[in-house]
Amino acid sequence: MSRTEFMQGNVACAEGALAAGCRFFGGYPITPSTEIAETMARRLPKAGGVFISMEDELGSIAAVIGAAWTGARAMTATSGPGFSLMMENIGYAAMTETPCVIVNVQRGGPSTGQPTRAAQGDMLQCRFGSHGDYSTIALAPNSVQEMFDLTVKAFNLADRFRVPTFLMADEIIGHMRERITIPDRVEITRPAPLLEGKLPFEAGDDRVPGFAPFGSGRAIHVTGLTHDERGYPDTTDPEAHERLVRRLVAKVESARREIADYEVVNPDAGMVFVTYGAPSRTVQQVIHDHPDEEIGHLRLRAVWPFPEFALDEFPDATVFLMPEMNMGQISREVERHVGQPVVPIPKLGGDLHTPAELLRAMEAYR
Amino acid sequence: MRHEIRFSGYGGQGIILSSVILGRAAALYDNKYAVQTQVYGPEARGGASMGQVVIDDEPILFPEVTDPDIYVIMSRQGFEKYGIRAREDAFMLIDADLVRSRPACRYCEIPATSEAKNTLGREIVANIVMIGALVATTGVVSRDAIERAVLDSVPKGTEGLNQRAMKRGFELGERACNQ
């Protein structure tokens with residue numbers, strides 16, 4: 001029997017993690033993500049899992065990577081300052097192809113900024129924040145229900161592609177309470193196993209090697225150094241490095257259509273909003289209050305890898321309007337893919353764009 | 001119809017809990033939609049606290065409260081910070097013992113804190129008295145829904161006290177409305 005609750009977004013995220021089989025949480029509580037750690041601390045031991053309150057966020061992500069290599073589904077949750085501290089080891093997770101989930105309940109930055117206010121300022125950091133070339137997956141919930149659903153999905157994607165996967169929420173979605181239906185069971189996709197006769201970092205057509213966690217019987221060397229398919233460091237051969245890094249990027253980027261998750265409203269529209277996360281709710285309100293097929297809406301639930309083909313769903317688009325709670329981070333990505341004007345509608349300070357603000361922004365393009 | 005309800009008082013009165021209970025009543029027991037939000041800040045016991053709820057028969061898209069039509073105000077500071085700019089056609093419930101000022105909109109005075117202290121014997125249930133009065137005066141959720149939401153939100157062993165507080169709130173609300 002599924003159950004219906006009136007629940008906070010952050011708690012729904014923790015419930016999603018538990019439903020997905022997450023059995024390790026290493027974290028350092030930080031506003032506005034703290035309720036995720038609190039819920040995991042309370043619930044994980046009873047579910048046979050482990051919660052560790054780490055000394056900082058460097059330790060948190062390191063512990064999560066270690067736990068993932070024991071075969072556990074592992075997660076941490078943080079916000080801006082903690083997210084910045086995690087960057088080096090996020091690159092390590094990408095390089096070692098460690099499946100793990102990192103939740104960022106975004107708040108106003110830079111630096112300690114606005115601890116209790118919402119923002120979407122880390123949308124490029126989750127894609128490019130660690131050094132070197134790699135690719136990641138980022139999902140953006142816009143409701144309490146999606147805090148649950150997309151957390152489950154993040155674990156499945158992390159396992160499917162052996163890549164750190166981000167749930168990029170914000171303070172508004174993390175702290176609001178709404179009705180949520182929690183199903184009895186959720187679909188769980190674990191990593192493909194490392195087959196007999198295959199090397200630990202030898203990938204097939206999908207470019208994702210089979211996973212043999214520690215204790216599963218295979219002796220595996222795991223390193224952040226450039227490595228060959230055996231996992232052994234090979235740091236000077238240009239070809240080895242290029243082959244590895246190209247595969248790390250391509251395994252995610254070549255699966256853009258498989259990972260893509262978006263909603264299209266009014267595909268014949270000329271004026272098209274592109275959103276993700278909380279601002280999508282304002283656009284939905286505008287379209288509800290002003291039913292007009294000339295106003296389109298592309299709502300991305302998966303922001304990275306960026307599904308540029310989703311923009312083609314609006315063949316008559318004359319302008320793309322992009323309300324984001326940042327200075328236009330994803331609008332730069334949209335701009336790269338279309339010939340039409342792309343207009344950022346930035347909102348800083350912690351409040352969501354109001355419907356009136358979007359109506360004013362639309363006037364110039366009517 | 002969309003209603004935006006704002007609760008304000010001081011930390012420790014159960015202002016946030018009141019907003020959660022109201023949202024819960026609407027979303028789980030009245031078959032409506034509700035979004036509850038609150039001001040997160042460094043406020044602790046004594047500081048101005050604020051929680052708000054959007055209730056609608058249709059799914060709620062824009063989740064934030066921008067211009068409440070219903071207010072529940074339980075402290076002077078709460079009135080000054082979160083109530084004083086109420087629009088003219090709004091409706092406000094005021095804990096008459098704690099707030100001296102009166103708004104420009106329609107309002108009802110509910111002596112929730114003194115009733116809780118003197119009649120019910122526990123000041124801590126003043127917020128539940130206010131919730132009862134809110135439901136009696138506005139009908140924003142049904143009495144049955146609020147009763148169920150109160151009962152599953154309060155600590156075990158305090159159900160009777162909270163039920164009495166809510167019923168007292170219903171009576172105070174009915175009386176205030178008839179004035």
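Colleague: What makes strand E11 (residues 271–276) and strand E12 (residues 295–300) of chain A count as a pair?

Modeller: Count the bridges. This is a predicted model, and in it E11 and E12 of chain A are joined over 6 bridges, in the parallel sense. Two strands pair if there are at least two bridges between them, so 6 bridges settle it. For a residue to look at, try A:Phe273, which stands opposite A:His297 in E12(A).

Colleague: Which sheet of chain A has E11 and E12 in its order, and what kind of pairing does that sheet have?

Modeller: An open sheet of 5 strands, ordered E10-E12-E11-E14-E15, with mixed pairing.

Colleague: Why are E10 and E15 of chain A called edge strands?

Modeller: Look at their partners: strand E10 (262–265) and strand E15 (342–346) of chain A each pair on one side only. From one strand to the next, the twist of this sheet averages 20°.

Colleague: Which helix packs on this sheet of chain A, and how do you know?

Modeller: Helix H10 (residues 279–289) of chain A, and the touching gives it away: H10 is in contact with E10, E11, E12 and strand E14 (319–324). The direction of H10(A) makes about 145° with that of E11(A).

Colleague: How do you know whether the radius of gyration of chain A agrees with that of a compact globule?

Modeller: Set one number against the other. A compact globule with 366 residues would have a radius of gyration near 21 Å, and chain A has 20 Å, so the two agree. Its C-alpha trace spans about 65 × 45 × 40 Å along the principal axes, and buried residues make up 52% of the chain.

Colleague: What makes you say that the buried residues of helix H5 in chain B line one face?

Modeller: In H5 (residues 143–151) of chain B, the buried ones are B:Ala145, B:Ile146, B:Ala149 and B:Val150. Seen down the axis of H5(B), they fall within an arc of 130°, so one face it is. There's a handy rule behind this kind of pattern: an α-helix has 3.6 residues a turn, so residues three or four places apart point the same way.

Colleague: Where does chain B touch chain A, and how many residues take part?

Modeller: 15 residues of chain B are in contact with 18 residues of chain A. On the chain B side, helix H1 (15–29) and strand E2 (33–38) are the elements that give two or more residues. H1(B) gives the largest share, 5 residues.

Colleague: What kinds of residue make up that side of chain B?

Modeller: They divide into 8 nonpolar, 5 polar and 2 charged.

Conventions. Residues numbered from 1 in each chain as written. Chains lettered and ligands numbered in written order. Predicted model: local features only at pLDDT ≥ 70, side-chain atom pairs only at ≥ 80, totals over all residues. Contact = placed C-beta atoms within 7 Å. Helix = DSSP H or I, 4+ residues; strand = E, 2+ residues; numbered from the N terminus. Nonpolar A, V, L, I, M, F, W, Y, C, P; charged D, E, K, R; others polar. Rg over C-alpha atoms; globule rule 2.2 N^0.38 Å. Buried ≥ 20, exposed ≤ 12 C-beta atoms within 10 Å, placed from the backbone. Axes fitted to C-alpha atoms, helices over the stretch in contact; angles between N-to-C directions. Arc of directions from axis to C-beta.
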